[in-house]
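Hi,

Here is the structure I promised to pass on. Have a look at it first, and then read my notes underneath.

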Amino acid sequence: MAAAARSLLAAGRAAGRRCRALPAAGAAPYCTVAPQQRRQPPPDMKSYLWSRYKEAKRVTKELVPSIMSNMLNPDAIFSNNEMSLSDIEIYGFDYDYTLVFYSKHLHTLIFNAARDLLINEHRYPAEIRKYDYDPNFAIRGLHYDVHRALLMKIDAFHYIQLGTVYRGLSVVPDEEVIAMYDGSHVPLEQMSDFYGKSSQGNTMKQFMDIFSLPEMTLLSCVNEYFLKNNIDYEPVHLYKDVKDSIRDVHIKGIMYRAIEADIEKYICYAEQTRAVLAKLADHGKKMFLITNSPSSFVDKGMKFIVGKDWRDLFDVVIVQADKPNFFNDKRRPFRKVNERGVLLWDKIHKLQKGQIYKQGNLYEFLKLTGWRGSKVLYFGDHIYSDLADLTLKHGWRTGAIIPELRSEIKIMNTEKYIRTMTWLQTLTGLLEHMQVHRDPDSQIILEEWKKERKELREMNRNFFNAQFGSLFRTDENPTYFLRRLSRFADIYMASLSCLLNYEPDYTFYPRRTPLQHELPGWSDQLCTGTFRIPFLQETVQIK
């Protein structure tokens with residue numbers, strides 16, 4: 001790698017260039033040129049440009065093996081904000097997709113049950129039963145235009161990623177998207193509200209939790225049926241009916257009863273969940289559970305994954321909390337739930353260990369426990385409902401559970417992905433540098449390179465999801481999902497089991513990446529290597 005890097009830097013100095021590091025770790029550097037630094041172009045521009053292209057490709061090829069020697073660890077914890085576990089005295093947890101993970105069968109169950117409710121209770125055509133759940137169609141974090149019935153991916157700057165807009169199950173041509181939105185930008189007033197909902201004039205709904213995957217797929221399938229059969233329908237009504245059907249799968253207990261009846265089919269047994277809780281308990285940490293799920297459902301699930309004595313590990317257990325209202329509504333008092341699941345009318349003066357409580361609110365919780373500020377770390381999978389209010393209003397530290405992270409990192413560690421991304425970044429830098437040549441021959445070549453770059457970006461998207469790409473990126477930009485994750489989560493990881501790789505006094509440091517106007521110093525380059533990125537070879541040292 002050193003020889004390849006020296007070759008690049010030497011080429012940069014020879015051309016009078018100023019090089020900057022890529023945001024992506026290990027990627028080849030590319031260079032920018034101030035207009036006044038340009039030299040006179042050589043007489044044969046075709047030969048000149050293609051020679052530069054071939055040289056860039058050669059150097060990129062040499063870099064790939066070195067990049068592959070430093071692959072990311074899928075079981076690492078990643079930091080947005082500096083945080084030391086030595087400061088954490090109390091650990092809080094959501095239940096679904098935090099303490100417990102579900103098998104692929106659950107989303108099929110939710111999809112089928114909601115589809116049947118549409119037919120039986122909302123009088124939708126029985127023919128929509130021909131549509132089955134496709135686990136590979138949607139990803140989390142997508143936006144849905146309620147009035148236009150379009151599912152799409154939006155970046156951190158409110159720009160739609162062209163090629164990811166779907167009407168039903170078919171992609172909408174870029175030209176049509178640009179005509180509908182007068183470009184590809186979605187104004188702030190049309191975006192979803194703080195919790196991702198389409199309310200008070202917002203026309204966009206953002207699907208943030210893992211349970212929303214069947215909802216997005218069902219919306220797309222019913223839209224597809226109406227479009228294919230030339231049926232005139234109101235998109236707003238369709239959205240509301242699908243939303244209500246998905247809600248009823250939860251509210252009416254359809255999902256809960258199915259899971260309880262065949263717990264081994266739907267819950268992924270994870271002995272590491274108990275190991276995490278036991279480790280925290282052994283180090284004298286207090287723990288609590290706040291979930292929207294009902295008491296009997298949580299009890300059976302926790303007995304399955306942790307054991308019959310699971311309550312002994314928690315100082316406070318709260319069910320049917322109705323998050324995010326739990327964090328904002330000061331009016332609802334706690335109610336104790338007895339062993340038979342009956343709600344008691346006693347006034348709650350203390351939250352006792354071993355008991356289960358229902359409803360309540362965070363303000364009463366803080367009053368009864370005294371657990372305030374940055375000594376509390378709460379984990380959840382829903383960035384809005386679980387984490388946003390806690391970090392913004394109450395100063396708790398927050399940890400996001402992102403199961404998709406593990407599979408995406410594994411893809412990023414493949415040779416095919418590394419080769420594609422390294423060349424894509426190098427080609428982007430080549431285009432940026434060579435665009436100063438305005439003669440006709442140069443412009444023809446540059447257009448060829450732009451076409452290749454577009455193909456590489458589409459290839460990159462397909463590594464993750466053929467329709468929408470990565471959960472975290474829209475081409476070069478972060479997704480809107482990642483923007484919210486970066487704001488509301490101090491740390492994030494694929495599962496709670498990642499905590500087993502770290503000591504209870506470990507400090508998480510966010511990786512310092514150069515801003516666009518900054519040059520990377522030697523320390524920045526060093527810290528984006530072995531010392532600051534959790535590479536696979538560090539796993540043994542951590543454990």
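Below is what turned up, starting with the sheet and moving on to the cores, one histidine and the cysteines.

One thing before you dig in: this is a predicted model.

**The sheet**

Try finding the open sheet first. It is built from 9 strands in the order 3-21-18-17-5-13-14-16-15, with mixed pairing. At its edges stand strand 3 (78-79) and strand 15 (334-337); each has a single partner strand, so one side of each is left without a neighbour in the sheet.

Now zoom in on strand 5 (residues 90-93). Which strands does it pair with? On one hand there is strand 13 (residues 286-290), which runs parallel to strand 5 and is joined to it by 4 bridges. Strand 17 (residues 376-380) is also parallel to strand 5, again with 4 bridges.

You can pick out individual partners too. Gly92 has Phe288 as its bridge partner in strand 13, while in strand 17 it stands opposite Tyr378. Next along, Phe93 stands opposite Phe379 in strand 17.

Which way do the residues of strand 5 point? Ile90 and Gly92 go one way, Tyr91 and Phe93 go the other way, and all of them are buried.

**The cores**

The largest nonpolar core has 138 residues, and Phe314 and Phe365 have the most contacts inside it. Helix 3 (residues 105-121) gives the most to this core, with 9 residues. Another core lies apart from it, with 19 residues, including Met45, Tyr53, Met421 and Trp423.

Phe314 is a nice one to click on. Leaving out residues up to four places away in sequence, its contacts include Phe93 from strand 5, along with Leu99, Leu277, Lys353 and Gly354. Met287, Phe288 and Leu289 are also among the residues that Phe314 touches.

**His250**

Is His250 buried or exposed? Its relative accessible area is 16%, and buried means under 20%, so His250 counts as buried. You'll find His250 in helix 6 (residues 235-251). Beyond its neighbours within four places in sequence, His250 is in contact with Phe211, Met255 and Tyr256.

**The cysteines**

How many disulfides does the structure hold? The count is 0. As a reminder, a disulfide is a covalent bond between the sulfur atoms of two cysteines. Two cysteines to look up are Cys221, which is buried at 5% relative accessibility, and Cys498, also buried, with a relative accessible area of 1%.

Have fun exploring!

Key
Residues are numbered from 1 along each chain as its sequence is written. This is a predicted model: local features need pLDDT of at least 70, side-chain atom pairs count only at pLDDT 80 or more; totals for chains, interfaces and linings use all residues. Side-chain values use heavy atoms; hydrogens and water are left out. Helices (H or I, at least four residues) and strands (E, at least two) are DSSP runs, numbered from the N terminus. Buried means under 20% relative accessible area, exposed over 50%, partly exposed in between (1.4 Å probe, protein chains only). Contact means heavy atoms within 4.5 Å. A nonpolar core is a set of buried Ala, Val, Leu, Ile, Met, Phe, Trp, Tyr and Cys residues joined through side-chain atoms within 4.5 Å. A disulfide is a pair of cysteine sulfur atoms within 2.5 Å. Two strands pair if DSSP finds at least two bridges between them.
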